[in-house]
2 protein chains.
Amino acid sequence: MISKEEFTKLHSEISPFIHRTPVLTSALLNKLAETEIFFKCENFQKMGAFKMRGATAAILALSEKERAKGVVTHSSGNFAQAVSLSAKSLGIPAYIVMPSSAPQVKKDAVKTYGGQITECEPNLKAREAAAEKIQKETGAIFLHPSNDLNVIYGQGTAAKELIEDFPGLDMIITPVGGGGLIAGTALAVNFYTENCKTIGAEPFKFDDAYRSLESGRIEFNETNNTIADGLKTNLGDKNFPIIKDKVSEIIRVEEDEIIAAMKFIWERMKIVVEPSSAVAFAAVLREKDKFRGKKVGIIISGGNVDLSNLPF
Amino acid sequence: MISKEEFTKLHSEISPFIHRTPVLTSALLNKLAETEIFFKCENFQKMGAFKMRGATAAILALSEKERAKGVVTHSSGNFAQAVSLSAKSLGIPAYIVMPSSAPQVKKDAVKTYGGQITECEPNLKAREAAAEKIQKETGAIFLHPSNDLNVIYGQGTAAKELIEDFPGLDMIITPVGGGGLIAGTALAVNFYTENCKTIGAEPFKFDDAYRSLESGRIEFNETNNTIADGLKTNLGDKNFPIIKDKVSEIIRVEEDEIIAAMKFIWERMKIVVEPSSAVAFAAVLREKDKFRGKKVGIIISGGNVDLSNLPF
């Protein structure tokens with residue numbers, strides 16, 4: 001496991017390639033939630049999400065020789081864009097396997113950022129096979145979006161910046177998808193605060209992390225119909241031990257609570273956030289008693305949404 | 001006319017009651033526009049628009065005795081909310097005449113900010129009559145949303161802050177509705193810069209300011225069907241002389257250009273802006289040759305939109 005000094009060094013190494021995103025507050029949302037909230041706006045991050053941090057950290061962790069051959073991942077979402085853009089910044093090839101069913105707008109975004117797309121059948125087996133084929137042919141290194149220690153460390157740098165800007169937070173809440181963001185956040189909280197807690201938030205309809213903390217082993221989901229599409233992935237063997245050890249609890253929220261929280265943020269703060277990001281704010285609104293009078297940090301994970309398909 | 005020293009003093013007097021809004025930049029939008037743009041984000045202003053500045057300045061300009069009786073305005077838009085909130089901040093009554101046809105969400109916003117609503121028939125005559133009745137009954141002072149010198153000075157403080165944060169701008173562009181924002185901006189540009197120009201932007205479908213600059217007298221519109229609903233008002237005898245004297249030009253844009261510019265801002269900058277605000281960015285995209293290689297300030301006028309009725 002990384003030391004505090006190494007984590008600090010990693011943050012300074014990725015800093016030239018990422019934005020130091022602003023922390024926003026809203027008197028209206030504070031009043032609504034009856035607490036004091038500090039929103040770390042990773043929707044303003046390069047390519048629109050925190051994933052830029054982890055992708056950059058993972059590529060920088062490679063040797064010069066490894067880097068020269070490029071990186072490969074399979075993703076239809078933010079990580080594909082993050083790997084494409086950070087690879088471009090560092091001058092190496094990025095091979096992105098995307099399901100043929102991915103929306104054209106996402107394919108275009110990856111192309112804009114310089115990623116080389118290979119299309120495959122829309123299932124995990126086909127995605128893995130296509131990525132493996134590219135690895136063999138090119139020697140490119142495979143990057144996992146959440147179950148990779150360097151990715152986890154990179155994602156944690158958002159919380160480090162939030163803590164630096166606003167010391168004295170009582171808790172930091174993140175949405176939980178594949179587990180990279182919350183594991184990295186928990187590490188940063190552990191390194192840079194005394195008494196701050198790390199709390200996760202996820203939809204009732206995709207509550208594998210909640211159940212995993214309960215049972216002590218990685219659980220999976222049988223349904224797949226939450227609006228928070230960025231969270232539809234499972235924990236992994238690299239991030240789960242960190243989560244089990246350092247995350248206080250996972251709060252689950254209903255779909256209508258996610259949509260209401262998202263609408264509040266758009267209407268009152270005038271910022272564009274993904275449904276996944278609204279899950280963390282929805283958790284604060286749902287369990288007001290737990291947060292009343294506290295200083296609460298929330299990681300707004302991203303702002304990549306399809307404007308022609310909004311839930312309100 | 002106000003002096004530079006008085007303008008500076010007015011800004012410091014309203015400052016405790018307004019936000020100093022951030023200035024955002026976007027590498028992607030700069031690339032798209034082939035220039036360097038500095039967005040002054042008045043969508044993050046209190047109540048979501050620059051109108052908070054003018055309303056506060058106008059109320060502060062009243063004597064203690066005048067203020068005690070309150071203020072009255074007729075508006076169905078941002079100025080109603082601005083007067084309500086600034087009156088509330090200063091502890092005086094605000095009487096707001098709204099057409100009965102105004103959307104419930106706008107009435108609710110005014111109520112939230114403490115305004116006392118009087119409903120009237122949805123036409124200008126009825127609005128003016130209702131406001132006059134309230135003036136007579138209560139002694140409240142009438143505030144005009146754009147054709148009032150103190151309102152104009154207040155609106156100009158957004159440009160003053162932008163110039164302070166980013167000296168060396170070649171031009172500042174604002175949308176043109178009733179003329180308060182652009183007149184105030186032109187004054188600030190005149191006071192605090194050497195060679196900066198003030199440029200207006202308005203829809204072809206509501207181009208009274210363009211025609212007024214051409215003819216040298218206040219012109220009106222025969223049609224009323226632009227998406228930029230905040231701009232559907234005419235210049236007045238207080239702001240037109242300033243505009244005629246100090247505004248370099250007005251650029252007109254098509255409706256589809258406004259919608260495309262608005263979508264670019266939402267998608268790439270992840271902020272919620274009104275169609276009226278997008279008019280200024282649309283002008284830069286339409287006339288790229290004019291702005292190439294320049295440093296361009298844009299006043300993002302506000303972010304109060306109906307999320308259930310977006311044009312994309």
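A salt bridge here is a side-chain nitrogen of Lys or Arg within 4 Å of a carboxyl oxygen of Asp or Glu. The exercises below use a predicted model.

**Exercise 1. Test the pair A:Glu161 and A:Arg53 against the salt-bridge rule.**

Step 1. Take the distance. The side chains of A:Glu161 and A:Arg53 come to 3.0 Å, N to O.

Step 2. Apply the cut-off. The rule asks for a nitrogen within 4 Å of a carboxyl oxygen. The pair A:Glu161 and A:Arg53 therefore counts as a salt bridge.

Step 3. Place the residues. Domain 1 of chain A covers 4–49 + 148–300, and domain 2 covers 52–142. A:Glu161 falls in domain 1 and A:Arg53 in domain 2.

Step 4. Count such bridges. Between domain 1 and domain 2 of chain A, the rule gives 2 salt bridges.

**Exercise 2. Describe how domain 1 of chain A meets domain 2 of chain A.**

Step 1. Start with the spacing. The C-alpha centres of the two domains of chain A are 25 Å apart.

Step 2. Count the contacts. Domain 1 of chain A brings 22 residues, and these touch 16 residues of domain 2.

Step 3. Give the area. The two domains of chain A bury about 1500 Å² between them. Carbon and sulfur atoms account for 66% of that area.

Step 4. Find the main contributors in domain 1 of chain A. A:Phe17, A:Met47 and A:Asn150 lose the most area to domain 2. Together they make up 44% of what the domain 1 side buries.

Step 5. Add the polar contacts. There are 6 residue pairs in polar contact between domain 1 and domain 2 of chain A.

Step 6. Assign elements on the domain 1 side. Helix H1 (4–14) and helix H8 (149–165) of chain A each give two or more residues. H8(A) gives the most, with 7 residues.

Step 7. Sort that side by class. The domain 1 side of chain A holds 8 nonpolar, 8 polar and 6 charged residues.

**Exercise 3. Work through the interface of chain A and chain B: how many residues touch, and how many salt bridges are found?**

Step 1. Count residues. 18 residues of chain A are in contact with 18 residues of chain B.

Step 2. Give the area. Chain A and chain B bury about 1500 Å², with 70% from carbon and sulfur atoms.

Step 3. Check for charge pairs. The rule finds 0 salt bridges between chain A and chain B.

Step 4. Check for polar contacts. Between chain A and chain B, 6 residue pairs are in polar contact.

Step 5. Find the main element on chain A. Helix H12 (residues 255–269) of chain A gives the most to this side, with 4 residues.

Step 6. Sort the chain A side by class. It has 10 nonpolar, 5 polar and 3 charged residues.

**Exercise 4. Lay out two open sheets of chain B, and name their edge strands.**

Step 1. Take the sheet of 6 strands. Its order in chain B is E1-E2-E10-E7-E8-E9, and its pairing is mixed.

Step 2. Name its edges. Strand E1 (23–24) and strand E9 (249–253) of chain B each pair on one side only.

Step 3. Look at one pair. Strand E8 (residues 197–203) of chain B runs parallel to E9(B) over 5 bridges. B:Ile199 has B:Glu249 of E9(B) as its bridge partner.

Step 4. Take the sheet of 4 strands. The order in chain B is E5-E4-E3-E6, with parallel pairing.

Step 5. Name its edges. They are strand E5 (116–120) and strand E6 (141–142) of chain B.

Step 6. Look at one pair. Strand E3 (residues 71–74) and strand E4 (residues 94–99) of chain B share 4 bridges, in the parallel sense. Here B:Val72 is the bridge partner of B:Tyr95 in E4(B).

Note on methods
Residues are numbered from 1 along each chain as its sequence is written. Chains are lettered from A and ligands numbered from 1 in the order in which they are written. This is a predicted model: local features need pLDDT of at least 70, side-chain atom pairs count only at pLDDT 80 or more; totals for chains, interfaces and linings use all residues. Side-chain values use heavy atoms; hydrogens and water are left out. Domain bounds come from an automatic or database domain assignment. Contact means heavy atoms within 4.5 Å. Buried area is the accessible area (1.4 Å probe) that two parts lose on being put together, summed over both. A polar contact is a pair of N or O atoms within 3.5 Å; within protein, one must be able to donate a hydrogen and the other to accept it, and residues adjacent in sequence count only if both atoms are side-chain atoms. Ala, Val, Leu, Ile, Met, Phe, Trp, Tyr, Cys and Pro count as nonpolar, Asp, Glu, Lys and Arg as charged, and the others, Gly among them, as polar. Two strands pair if DSSP finds at least two bridges between them.
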